[in-house]
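Hi everyone, thanks for making time. I'd like to walk you through one structure today, so please have a look at it first.

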Amino acid sequence: MLLSIFNKIKKMRTISQKKVVKQTIVHFLVYLITVPIGLYISILLVRNLGAEDYGKLSLLITIITIACSVVSWGFTMAYSRIVLTTHKEQKKRELLGLGILLFLAQAVITFIVLQIFSPLVTLFYDPTITETILSLSIPAALYVFMNFFTHTTRSLNHMYWAATHKALQPILYILSIFFMLYFSRLTYSYTFLFLLLSTYIPIIIYCIVKKPSFANIRQHWKEIRTEQKRFGIHIFITQLLQKTSYRLDNLMLGTLSFSSVGQYNIAIKLTHPLEILS
């Protein structure tokens with residue numbers, strides 16, 4: 001009896017190790033493919049937009065990323081922790097449904113934050129940045145679903161989906177850039193919009209395929225709320241400080257000129273492939 005149990009555990013461990021190795025190989029191959037594509041996209045954008053508009057694009061991404069981090073208020077990490085400790089398939093589907101509602105609520109709050117605080121951006125940057133944020137505030141607010149997708153796929157061990165998104169997103173993005181070039185519509189605002197859309201499409205496909213359930217919403221919400229009170233808020237403060245300080249260089253350079261932001265970011269992109277050798 002004990003020997004049979006031991007053999008089953010050993011077999012499960014072997015299967016788990018093989019799965020981890022496969023996932024690692026897949027992610028590394030995707031990384032090898034996407035890094036050159038990302039580099040080519042950056043060079044293509046700089047050549048066609050110019051350093052100034054590329055700087056505006058980089059600054060937009062920075063502002064939206066910080067705004068999405070601010071509204072999470074620790075619920076993102078609390079949701080991730082609850083999903084991570086769930087083993088029943090039905091409950092996973094229910095948490096997936098709750099996650100969609102939770103991040104949709106965060107998107108609404110992000111939209112309101114962008115509407116209220118965007119005018120303050122004019123105090124430090126060109127007014128065109130504020131106009132772009134306000135005109136694209138709805139798709140920009142939905143960028144919180146990138147956090148939803150990242151935390152959900154990691155917590156549920158859907159690593160192949162994460163790899164698929166990482167591969168599909170730059171392909172969709174570069175196709176949209178060629179589309180804009182063909183119709184002479186390549187501007188930093190349109191580029192930002194298509195960047196968001198190329199991010200959302202794989203996430204929508206993931207949500208449809210995984211068939212989220214919206215049962216027991218109140219019960220699962222109480223679990224997440226309890227977890228948020230216990231750990232989420234402390235992790236939130238730490239991550240917010242980390243992300244803000246990480247993006248502070250773009251924010252500070254933007255007060256000088258958009259061209260310096262563009263040159264700085266393209267320099268980072270050009271050195272990024274060296275990470276493969278590290």
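Quick bit of vocabulary before we start: a residue counts as buried when its relative accessible area is under 20%. Also keep in mind that this is a predicted model. With that cut-off, 41% of the 278 residues in the protein chain are buried. The accessible surface adds up to about 15,700 Å², and carbon and sulfur atoms own 68% of that.

So what is the chain built from? It has 11 helices and 0 strands. And if you take contacts between residues at least 6 apart in sequence, 84% of them join residues at least 24 apart.

Okay, let's zoom in on some helix pairs. Two packed helices are described by the angle between their axes and the distance between the axes.

Pair one: helix 8, residues 159–182, and helix 9, residues 188–210. Their axes come within 9 Å and cross at roughly 145°. That crossing is right-handed. Sorted by class, the contact of helix 8 with helix 9 has 15 nonpolar, 6 polar and 1 charged residues.

Pair two: helix 9 again, now with helix 2, which covers residues 51–70. Here the axes are 9 Å apart and the angle is about 40°, and helix 2 and helix 9 are therefore oblique to each other. Helix 2 also passes helix 9 in a right-handed crossing. Who's touching whom? On the helix 2 side you'll find Asp-53, Lys-56, Leu-57, Leu-60, Ile-61 and Ile-64, while helix 9 brings Tyr-188, Thr-191, Phe-192 and Leu-195. By class, that contact splits into 7 nonpolar, 1 polar and 2 charged residues.

Key
Residues numbered from 1 in each chain as written. Predicted model: local features only at pLDDT ≥ 70, side-chain atom pairs only at ≥ 80, totals over all residues. Heavy atoms only, no water. Axes fitted to C-alpha atoms, helices over the stretch in contact; angles between N-to-C directions. Helix = DSSP H or I, 4+ residues; strand = E, 2+ residues; numbered from the N terminus. Left-handed = near helix turned anticlockwise from the far one by under 90°. Nonpolar A, V, L, I, M, F, W, Y, C, P; charged D, E, K, R; others polar. Parallel < 35°, antiparallel > 145°, perpendicular 65-115°, else oblique. Contact = heavy atoms within 4.5 Å. Buried < 20%, exposed > 50% of the residue type's maximum accessible area, 1.4 Å probe, protein only. Areas by Shrake-Rupley, 256 points an atom, 1.4 Å probe, with all protein chains shown as cover.
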